[in-house]
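Reader: Could you take me through the sheet in this one, strand by strand where it helps, and then tell me what packs around it? I'd also like a look at how a pair of helices meet.

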Amino acid sequence: MSLKEKNSDSSVRKLELKNQTVFFKSAEYMSELEDESIDVVITSPPYNRGKTYSSDFGEFHNDKMVDTEYYSFLTTIWSECYRVAKSSALFFLNIGDSAGDQGKSEKVAKSAEKASWKRIQDIIWVKSFLGKGHYTPSGGNRRLNNLWEHIFLFAKNTKEYNIDSKAIGMPYTDKSNIGRYSDTDLRDPGNVWLIPYIKTTGATIKKGHEAPFPIGLPYKCIKMVPNAKTVLDPFGGTCSTLAASLKLGIRGYAYEKYPRVEVIKSRILEGEDYYESEENLIPHLELSLKLLSEMYSKMSLNIPLIKTKVAFTSFQILNEVLNKLHINNSFKLSLEKRIANYKFYVEKNNPQKSKYHQKKLNLGS
Ligand SMILES: C[S@@+](CC[C@H](N)C(=O)[O-])C[C@H]1O[C@@H](n2cnc3c(N)ncnc32)[C@H](O)[C@@H]1O
């Protein structure tokens, strides 16, 4: 069923950008959206820790409500999300704990259960690990920095939802598992996700909006929902969720009561250039490889001719890694040339062998 916005109140200010809509009003009454019209809800609510969420017009969210008021405010919004969600919908609720209020995340999860959402599982979002990702060192001599947050996963109806774990899958380490557990080199990535911040969030904080999550977070969530066509973020903030839905070609809706309109526009458009990068766990490996290949390029050294299948495979792996890291320099170009020369050589001298190589090394035709 396609989504029809109820165009009841033309006075509601909104932003329409590339199939993404942001309503500049409270999500307590999402009267613009019809019942059962949304496939995925993704959000990170105000944390009620005295953070700064302020609009272009100087209005700001009261992020220091008394506890009872805060949880009942959230339940009102989760109930509205429940109303607009399809029966197969999933709800990803991101919240972290801080040293001062350990256990708050659990109470926030309970506020969603109170609005009839059924809890499925907890996904751990790791923000920084082994030198990957930015965070503000704030531990001092009393505690270590908290480098992860929850993404509580809820369903509207436990009998009607599905997930597609392979859509966000990762390759097997032991390739003999291909065929044993599945036909493709993809397996369930599990419920611990490393999604580092590529740059500090300092710039958005200065512009009045704290705590945006990385685009990779909603991107992963949306991808694991089969046939998702509509996405909603009731607490849009900078609207990272809509950047992800733009990238995935999905109709996105957000609500933001205290909008910074230019910040929102540029965040949504960031989605166009977003690409999913693979994380490895060797600190600073990308930087080191980049530096090495740039030095090699400057030295104008020749890459040796490829003479064996083993060398060919290694060079292909290196080429793939550099591709993933978006490294493009003269070293990379000569690497590609050597690989192409070897393919040409094998093909010319032994068409039969070439077929074997193509199959075995997954060269394609
Ligand atoms: C934690 S931030 C969301 C950050 C967002 N995930 C991002 O990536 O930018 C929560 C947002 O909820 C907004 N907000 C507060 N009360 C609201 C309400 N009643 N309706 C809609 N948005 C509200 C705040 O202004 C703030 O921008």
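Author: Sure, and bear in mind that this is a predicted model. The sheet is open and built from nine strands, with mixed pairing, and if you walk across it the order reads β1-β2-β9-β8-β3-β4-β6-β5-β7. At the edges sit β1 (14-17) and β7 (192-194), each of which pairs on one side only. From one strand to the next, the twist averages 20 degrees.

Now zoom in on one pairing. Strand β4 (residues 85-95) and strand β6 (residues 148-155) run antiparallel, with six bridges joining them. In general, strands of a sheet pair through backbone hydrogen bonds, either parallel or antiparallel. Phenylalanine 91 has phenylalanine 154 in β6 standing opposite.

Next, the helices on the sheet. Helix α2 (residues 104-113) lies across β4, β5 (118-126) and β6, and runs at about 165 degrees to β4. Helix α6 (residues 261-273) also packs on the sheet, where it touches β1 and β2 (20-23), and its direction makes about 25 degrees with that of β1.

As for your pair of helices, try α7 (residues 285-299) and α9 (residues 330-349): their axes come within 7 Å and cross at roughly 85 degrees. Angles of 65 to 115 degrees count as roughly perpendicular, so that is what α7 is to α9. On the α7 side you'll find Ser293, Tyr296 and Ser297, which meet Ser330, Phe331 and Lys332 in α9. Sorted by class, this contact of α7 with α9 has two nonpolar, three polar and one charged residues.

How values were computed. Residues numbered from 1 in each chain as written. Predicted model: local features only at pLDDT ≥ 70, side-chain atom pairs only at ≥ 80, totals over all residues. Axes fitted to C-alpha atoms, helices over the stretch in contact; angles between N-to-C directions. Helix = DSSP H or I, 4+ residues; strand = E, 2+ residues; numbered from the N terminus. Parallel < 35°, antiparallel > 145°, perpendicular 65-115°, else oblique. Contact = placed C-beta atoms within 7 Å. Nonpolar A, V, L, I, M, F, W, Y, C, P; charged D, E, K, R; others polar. Pairing = 2+ DSSP bridges.
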